[in-house]
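This report looks at one strand and its partners, and then at a set of charged side-chain pairs. The structure is shown first.

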Amino acid sequence: MKKKHALSVVLAASMLAAAILPGCGSNENSGKTEIEILQYKPEAAAYFDQVEAEFNATHDDIHLTISSPNDASTIMRTRFVREDYPDIIGIGGDINYSYYVDADILADVSDYQGMSDIKQSYIDILEALEITPKDGTYGVPYVANAAGILYNRDMFEEHGWEIPESWDELIDLCEEIQAEGILPFYFGFRDTWTCLAPWNSLAVGLAPSDTCQQVNAGETTFTDEYRETAEKCMEMVSYGPVDPFAYGYNDACTAFARGESAMYPIGSYAVPQILSVNPEMNIDSFVTPGNDDPDGNTLNSGVDLMFAVTADCENKEAAYEVLDFLLADENIQKYIDDQNAVPCKEGDFDLAPMLDGMLPFIESGNMTDYQDHYYPSEMAVDAKIQTFLINQDVDAFLANFDKDWTRYNRDIIRAVQEYNEENGTAE
């Protein structure tokens with residue numbers, strides 16, 4: 001199978017970094033078709049163990065094995081190098097998905113009938129991640145997450161604070177909260193990855209959704225597109241602790257759970273950690289209002305888990321039967337209940353109450369993918385943002401972002417610009 005430039009270095013490095021899991025091997029369940037899923041969400045392992053058991057108990061012709069290792073992404077890449085492919089992989093909609101599509105590792109699933117039940121907004125999000133456009137569909141979105149601002153509902157009701165719908169209203173709210181002697185925000189910026197939470201939820205409304213693709217095509221720069229995001233992110237941080245870099249993610253979750261701040265800019269994934277400290281906390285959320293006009297706001301939401309059939313799967317029909325089982329409404333609801341997720345499938349699902357404030361955006365499909373889903377991990381953008389928020393030098397940060405983007409995306413930039421030239425789309 002052809003392996004393209006974008007993935008070659010990542011896969012080669014994985015060979016040195018991970019132990020090798022065996023492939024499907026021989027059929028130990030006589031007469032049954034073997035289907036293997038390797039998925040990257042170890043926190044959902046109990047759910048997938050249950051799915052595996054229920055599927056095998058109700059199917060006589062297919063035997064399903066689901067693996068949920070802690071280092072699934074590394075194991076996955078290593079197995080790809082060895083051409084030892086699972087039948088189905090469960091991954092997030094991020095740069096790794098882009099690499100796998102580009103390397104022809106994934107099968108076209110546009111003939112899978114279950115795609116007709118998936119929300120078009122999430123199909124579009126996956127399609128936008130393709131390095132260069134490809135005919136076909138290569139992933140089945142399963143569940144999404146949502147990021148914005150969590151808030152203490154009881155505290156807001158007690159003080160009569162209104163949910164802001166514009167940037168000016170958010171800043172006015174922060175000033176009002178401070179005047180009451182309460183900290184508006186808590187941050188956990190000692191853990192660099194948390195710096196991406198406010199960054200992403202601002203960028204989706206302030207920068208074009210295809211910023212990274214435009215930069216790759218040579219049509220713009222991050223200096224041009226990210227300035228407002230950087231400036232407003234820096235302003236948000238001014239309404240947090242004196243030293244937001246002294247506290248990690250667990251510290252921030254704990255402080256917010258104990259009422260030490262009114263708000264916490266983070267994703268819905270943080271709620272279980274917060275409730276583990278204060279199970280009675282009344283949490284809701286709202287979309288980060290980065291725009292002056294509320295009509296410009298959009299929910300920061302991306303595909304948190306999708307399933308892709310690998311191109312080497314010899315039993316595509318059986319793989320589709322497994323996908324049908326995973327996409328059954330009752331199984332999706334179990335996952336939602338277990339992981340506080342957002343379903344990518346159309347339907348009448350019960351979402352966690354802390355997503356109430358985001359429901360209008362979810363129901364209308366007004367959502368935009370995380371900008372960092374396009375960032376290569378080698379570029380360590382989370383650390384760049386942390387350094388920027390410490391130094392507070394917007395010009396230096398943006399110039400460095402542009403320089404390092406060229407350095408870490410050279411092959412992708414070349415591929416995009418060659419594609420555009422060949423297809424008449426270059427300026």
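Strand E4 and strand E7 (residues 283-286) pair in the antiparallel sense over four bridges, where two strands count as paired if DSSP finds at least two bridges between them. Helices (H or I, at least four residues) and strands (E, at least two) are DSSP runs, numbered from the N terminus. The model is a predicted one, in which local features need pLDDT of at least 70 and side-chain atom pairs count only at pLDDT 80 or more, while totals for chains, interfaces and linings use all residues. Residues are numbered from 1 along each chain as its sequence is written, and side-chain values use heavy atoms, with hydrogens and water left out.

**Strand E4 and its partners**

In E7, Asp284 is the bridge partner of Tyr151. E4 also pairs with other strands, and the table lists these pairings, each with one bridge pair.

| Partner strand | Sense | Bridges to E4 | One bridge pair |
|---|---|---|---|
| E6 (residues 261-267) | antiparallel | five | Ala147 and Gly267 |
| E7 (residues 283-286) | antiparallel | four | Tyr151 and Asp284 |
| E8 (residues 299-309) | antiparallel | seven | Ala147 and Asn300 |
| E9 (residues 342-343) | antiparallel | two | Val143 and Pro343 |

Ala147 thus appears in two rows, standing opposite Gly267 in E6 and opposite Asn300 in E8. E4 is mostly covered, with 13 of its 13 residues buried, buried meaning under 20% relative accessible area, exposed over 50%, and partly exposed in between (1.4 Å probe, protein chains only).

Asn145 is found in E4, which spans residues 140-152, and Asn145 is buried at a relative accessible area of 13%. Leaving aside neighbours within four places in sequence, Asn145 is in contact with Ser268, Asn300, Ser301, Gly302, Asp304 and Tyr370, contact meaning heavy atoms within 4.5 Å. The side chains of Asn145 and Tyr370 are also joined by a polar contact of 2.7 Å. A polar contact is a pair of N or O atoms within 3.5 Å; within protein, one must be able to donate a hydrogen and the other to accept it, and residues adjacent in sequence count only if both atoms are side-chain atoms.

**Salt bridges**

A salt bridge is taken as a side-chain nitrogen of Lys or Arg within 4 Å of a carboxyl oxygen of Asp or Glu, and by this rule the count comes to 15. One of them joins the side chains of Lys134 and Asp104 at 2.6 Å, N to O. This pair links distant parts of the chain, 30 residues apart, with Lys134 in the loop between helix H5 (120-128) and E4, and Asp104 in the loop between helix H4 (95-102) and H5. Lys134 counts as partly exposed at 23% relative accessibility, and Asp104 is partly exposed at 26%.

Arg227 and Asp395 meet in a salt bridge of 2.9 Å, N to O; the pair links distant parts of the chain, with Arg227 in helix H11 (residues 227-237) and Asp395 in helix H18 (residues 394-408), 168 residues apart. Arg227 is partly exposed, with a relative accessible area of 29%.

Glu228 forms a salt bridge with Lys232, the closest N and O atoms being 2.8 Å apart. Because Glu228 and Lys232 are four residues apart in helix H11, about one helical turn separates them. Glu228 counts as partly exposed at 34% relative accessibility, whereas Lys232 is buried at 9%. Elsewhere, salt bridges that share partners join Glu36, Arg79 and Asp84 into one network.
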